[in-house]
Amino acid sequence: MRKQRKAMNEQQKLQNSLTVGDRVMTTSGLFGTVVETEDDSIELEIADGVVTTWLRQAIRERVDTEVDEDELDEDDNDEDDEDVVDSSERTSSDEDSDVTENADTQKTETQKTG
């Protein structure tokens, strides 16, 4: 019970300490920037010019914007690395399998249309 009470107190402190400009995540996982605060509600900008109103209790945590952007950049780079294939790394067996796949595809398409 002490851990729960302590967690609730910390959550309440966070929700009460939010200020304009803070980047937050809601309990539903929506990210936004605080643009206005009132007694029991907060307005979040979730996209350029899109402002929504939330209860303070719906704010789960304050997030660090620099870390989020870095993680997104790393994810983009990982995807790009997987797609790039150096043609010098291809073997003749790779080329043979490509030819076989193309022949099978053409055969199937001919059967469908025929």
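## Strand pairing

Two strands pair if DSSP finds at least two bridges between them. In this predicted model, strand β1 (residues 23-26) and strand β2 (residues 31-37) pass that test with three bridges, in the antiparallel sense. One bridge sets methionine 25 against phenylalanine 31 of β2. The two strands form a hairpin, with four residues between them. Glycine 29 sits in that turn and has a positive phi of about 95°.

β2 also pairs with strand β3 (residues 41-47). The sense is again antiparallel, and the pairing runs over four bridges. Threonine 33 has glutamate 45 of β3 as its bridge partner. Three residues make up the hairpin connection from β2 to β3.

## Overall layout

The chain has three helices and five strands. Read from the N terminus, the order is α-β-β-β-β-β-α-α. The five strands thus follow one another in that order, with one helix before them and two after.

The chain holds 114 residues, of which 14% count as buried. Take the contacts in the chain with a separation of 6 or more: 38% of them link residues 24 or more positions apart.

## Confidence

Mean pLDDT for the chain is 76. A value of 70 or more is reached by 56% of the residues. Confidence peaks in β4, at 96. The lowest value belongs to helix α3 (residues 92-113), with a mean of 54.

## Arginine 56

Arginine 56 lies in the loop between β4 (50-55) and β5 (59-62). The residue is buried, yet has no salt bridge. Aspartate 39 is the nearest side chain of opposite charge, and it is 6.5 Å away. A salt bridge requires a side-chain nitrogen of Lys or Arg within 4 Å of a carboxyl oxygen of Asp or Glu, so the pair does not qualify.

The arginine 56 side chain does have a backbone partner: it reaches the backbone oxygen of glutamate 38 at 2.9 Å. Leaving aside residues up to four places away in sequence, arginine 56 touches Gln15, Asn16 and Leu18. On the same terms it also touches Thr37, Glu38, Asp39, Asp40, Ser41 and Ile42. Among these contacts, Thr37 falls within β2, residues 31-37, while Ser41 and Ile42 fall within β3, residues 41-47. Asp39 is thus touched by arginine 56 without forming a salt bridge to it.

Notes:
Residues are numbered from 1 along each chain as its sequence is written. This is a predicted model: local features need pLDDT of at least 70, side-chain atom pairs count only at pLDDT 80 or more; totals for chains, interfaces and linings use all residues. Side-chain values use heavy atoms; hydrogens and water are left out. Buried means under 20% relative accessible area, exposed over 50%, partly exposed in between (1.4 Å probe, protein chains only). Lys and Arg count as positive and Asp and Glu as negative; His and the chain ends are not counted. A polar contact is a pair of N or O atoms within 3.5 Å; within protein, one must be able to donate a hydrogen and the other to accept it, and residues adjacent in sequence count only if both atoms are side-chain atoms. Contact means heavy atoms within 4.5 Å. pLDDT is the predictor's confidence in each residue, from 0 to 100.
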